[in-house]
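Reader: I'd like a close look at the charged side chains in this one. Could you walk me through who pairs with whom?

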Amino acid sequence: MLEYTGVPTRELIDKVFPSIERINKGPVAVIECFQSIPCNPCSTACNRNAMNKMDDINDLPSLDVEKCNGCGICISRCPGLAIMVVDGSYSDEEVVFRIPYEFLPLPNVGDIVEGLNRSGEYITDCKVIKVQNSKLFDRTPIIDVVVKREYLFDFRNIRVGGKNNGQ
């Protein structure tokens, strides 16, 4: 399916997500890089050595989730926008996603935006709780949004000013 649609199957998603127990402990990166391509910025970005070293630049990145503190440095280093951070310790009903966002306009803290699945379809409204747009992020702003826990494995991006959120 991935080869034809660009959308990973639930089986692929399950393989890259940390365990629920780890997600609930606090922020942790999720690497949704499913195809071998010559790329390795994420493996050199992590100063905690949570990204496992690649023997070959074509290897898929992998993460030691126990070393990862969810700092998000790897998010902006990934040219494929394939990395996000999820934090299940936020509340029993909601999780925080930290995602790369390269569209304009940028949302503002407090905005309600549309949460999208991996196909770009609306699934739920989300609240923006942090917007980072540092020059260190190489023109890839990082947006933190609160998402209902039931969408943990479905959520992947946001749309600002969509028809469902009235902005």
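Author: Here's a tour of the salt bridges, followed by two other charged residues.

This is a predicted model, where local features need pLDDT of at least 70 and side-chain atom pairs count only at pLDDT 80 or more, while totals for chains, interfaces and linings use all residues. Residues are numbered from 1 along each chain as its sequence is written, and side-chain values use heavy atoms, with hydrogens and water left out.

The structure holds 7 salt bridges, each being a side-chain nitrogen of Lys or Arg within 4 Å of a carboxyl oxygen of Asp or Glu. One of them joins E66 and K25, at 2.9 Å from N to O. That pair ties together distant parts of the chain, 41 residues apart: E66 is in the loop between α4 (41-45) and α5 (73-77), and K25 is in helix α3 (residues 20-25). Helices (H or I, at least four residues) and strands (E, at least two) are DSSP runs, numbered from the N terminus. K25 counts as exposed because its relative accessible area is 58%; the cut-offs are under 20% for buried, over 50% for exposed and partly exposed in between, with a 1.4 Å probe and protein chains only.

Now for E32, in the loop between β1 (28-31) and α4. Its side chain meets that of R118 in a salt bridge of 2.5 Å, N to O, and R118 is 86 residues away, in the loop between β4 and β5. E32 also has a salt bridge with R156, at 2.9 Å; here the partners are 124 residues apart, with R156 in the loop between β6 and β7 (157-159). So E32, R118 and R156 are linked in a network of salt bridges. E32 is buried because its relative accessible area is 9%. R118 is buried too, at 15%, and R156 counts as buried at 11%.

R98, in strand β3, is buried at 16% relative accessibility. Its side chain makes a polar contact with the side chain of D144 at 3.1 Å, and one of its polar side-chain atoms lies 2.5 Å from the backbone oxygen of G70. A polar contact is a pair of N or O atoms within 3.5 Å; within protein, one must be able to donate a hydrogen and the other to accept it, and residues adjacent in sequence count only if both atoms are side-chain atoms.

D111 is another story: it's buried yet has no salt bridge, and the nearest side chain of opposite charge, K127, is 9.7 Å away. Lys and Arg count as positive and Asp and Glu as negative, with His and the chain ends not counted. What the side chain of D111 does reach is the backbone nitrogen of N108, at 2.8 Å.
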